[in-house]
Amino acid sequence: MKKLIFLLPFLVLACAEEKDLSSSKAIFLTAEIVTPASWDDVKGIVPINVLVSPENQTDSVRILINGNSAVTLKTSPFTFDWDTNGLSGGQTILAEATSSEGQIFLSQKTTVYVKSETSLSVNLVNPANFSTVTGNVLIKVSAFDAFGISKVEFFQNGNLLGEDTTEPYEFIWDTSGISGDFALNAKAYNSLGDFRETYPISVKINPSDVVPPTVYVSSPASFSEVSGTVKITAVASDDKGIASVSFYVD
């Protein structure tokens with residue numbers, strides 16, 4: 001009996017601890033910047049609206065402008081009036097949602113452009129959207145600003161390929177060894193440090209076919225005697241695949 005009384009508190013404590021662990025649930029939030037939209041031109045007071053789900057498990061939402069904290073909101077609707085006066089060029093917005101358990105979830109970044117007296121513009125001239133390219137590809141960009149262009153950067157799938165500081169703004173993209181669909185865009189900076197990006201275009205890389213296919217007649221055998229209807233069989237192979245096989249009789 002003494003042994004049972006000694007173990008009972010331990011058993012009760014163990015059960016309580018197990019119950020506490022089982023009651024802990026992971027919380028997942030989704031945060032989305034509803035307005036402004038990416039690539040928007042904005043000016044003056046700009047409402048930033050963030051949608052978080054589920055709201056009842058959200059402790060706070062922090063809005064960051066260019067990586068710097070602008071405001072922390074504790075209640076819904078998660079809206080902030082952003083004063084863009086005195087700003088110009090590209091600005092990035094990010095929302096950081098914190099759950100009731102202290103977990104942090106990030107939205108996608110939104111890039112907008114604050115209108116100013118500058119006339120910064122940038123366009124991706126070559127290659128064309130949805131085109132198929134191969135080998136060395138010329139990426140050509142036109143850019144203009146009243147204060148002058150300091151540089152143009154070239155990106156592939158968000159990765160910096162290179163830059164050009166003098167007009168014409170061009171970059172030779174070596175596509176050797178790669179294939180598939182890729183996104184290209186460019187970012188131009190003026191002498192004030194403002195920037196503007198082109199909207200991404202999509203290109204397909206079709207590698208050059210430098211190895212010819214191989215083919216041989218497997219049936220009938222060479223120098224064999226045949227008559228009537230003869231079935232001719234050929235075996236063909238190629239690293240890019242076989243489109244068709246044509247048969248000729250001399």
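The following paragraphs go through a predicted model of one protein chain, from its overall make-up to its strands, salt bridges and surface. Because the model is predicted, local features need pLDDT of at least 70 and side-chain atom pairs count only at pLDDT 80 or more, while totals for chains, interfaces and linings use all residues. Residues are numbered from 1 along each chain as its sequence is written, and side-chain values use heavy atoms, with hydrogens and water left out.

The secondary structure of the protein chain comes to 1 helix and 20 strands. Helices (H or I, at least four residues) and strands (E, at least two) are DSSP runs, numbered from the N terminus. Of the 250 residues, 32% count as buried. Buried means under 20% relative accessible area, exposed means over 50%, and partly exposed is in between, with a 1.4 Å probe and protein chains only. The chain exposes about 16,300 Å², and carbon and sulfur atoms supply 55% of that area. Accessible areas come from the Shrake-Rupley method with a 1.4 Å probe; for residues, only the protein chains shown count as cover. Among contacts between residues at least 6 apart in sequence, 56% join residues at least 24 apart. A contact here means heavy atoms within 4.5 Å.

Strand 3 is a good place to begin with the strands. In a regular strand the side chains alternate between the two faces of the sheet. Strand 3, residues 45-53, shows this alternation: Val46, Ile48, Val50 and Val52 point to one face and are buried, whereas Ile45, Pro47, Asn49, Leu51 and Ser53 point to the other face and are not buried. Strand 1 (residues 30-35) runs antiparallel to strand 3, and 5 bridges join the two. Two strands pair if DSSP finds at least two bridges between them. Ala31 has Val52 of strand 3 as its bridge partner. Strand 3 also pairs with strand 6 (residues 78-83), in the antiparallel sense and over 6 bridges. There, Asn49 has Thr79 of strand 6 as its bridge partner.

Further along the chain, 3 strands form an open sheet in the order 10-12-15, with antiparallel pairing. Strand 10 (121-126) and strand 15 (169-174) stand at the edges with a single partner strand each, so one side of each is left without a neighbour in the sheet. From one strand to the next, the twist averages 25°. Such angles run from 0 to 180 degrees between N-to-C directions, and the axes are lines fitted to C-alpha atoms, for helices over the stretch in contact. Strand 12 (residues 136-144) pairs with strand 15 over 6 bridges, and Lys140 stands opposite Glu170 in strand 15.

Next come the charged pairs. Side chains of opposite charge can pair when their charged atoms come close. A salt bridge is a side-chain nitrogen of Lys or Arg within 4 Å of a carboxyl oxygen of Asp or Glu, and by this rule the count comes to 6. In one of them, Arg196 meets Asp41, with the closest N and O atoms 2.9 Å apart. Arg196 lies in strand 17 (residues 195-197) and Asp41 in strand 2 (residues 41-42), so the pair ties together parts that are 155 residues apart in sequence. Arg196 is partly exposed at 21% relative accessible area, and Asp41 is partly exposed at 40%.

Lys74 and Asp59 meet in another salt bridge, 3.1 Å from N to O. Because Lys74 lies in the loop between strand 5 (68-73) and strand 6 and Asp59 in strand 4 (residues 58-65), the pair ties together parts that are 15 residues apart in sequence. Lys74 counts as exposed, at 52% relative accessibility, while Asp59 is partly exposed, at 33%. Lys204 and Asp181 also form a salt bridge, at 3.0 Å from N to O. This pair links distant parts of the chain, with Lys204 in strand 18 (residues 201-205) and Asp181 in strand 16 (residues 180-190), 23 residues apart. Salt bridges that share partners join Lys151, Glu153 and Glu163 into one network.

The surface also has a nonpolar patch, which includes Val215, Phe247 and Val249 and has about 800 Å² of accessible area together with its other members. Patches are made of residues with over 30% relative accessible area and no salt bridge; like charges are joined within 9 Å, and nonpolar side chains (Val, Leu, Ile, Met, Phe, Trp, Tyr) within 5 Å. Val215 is found in strand 19 (residues 214-219) and is exposed, with a relative accessible area of 55%.
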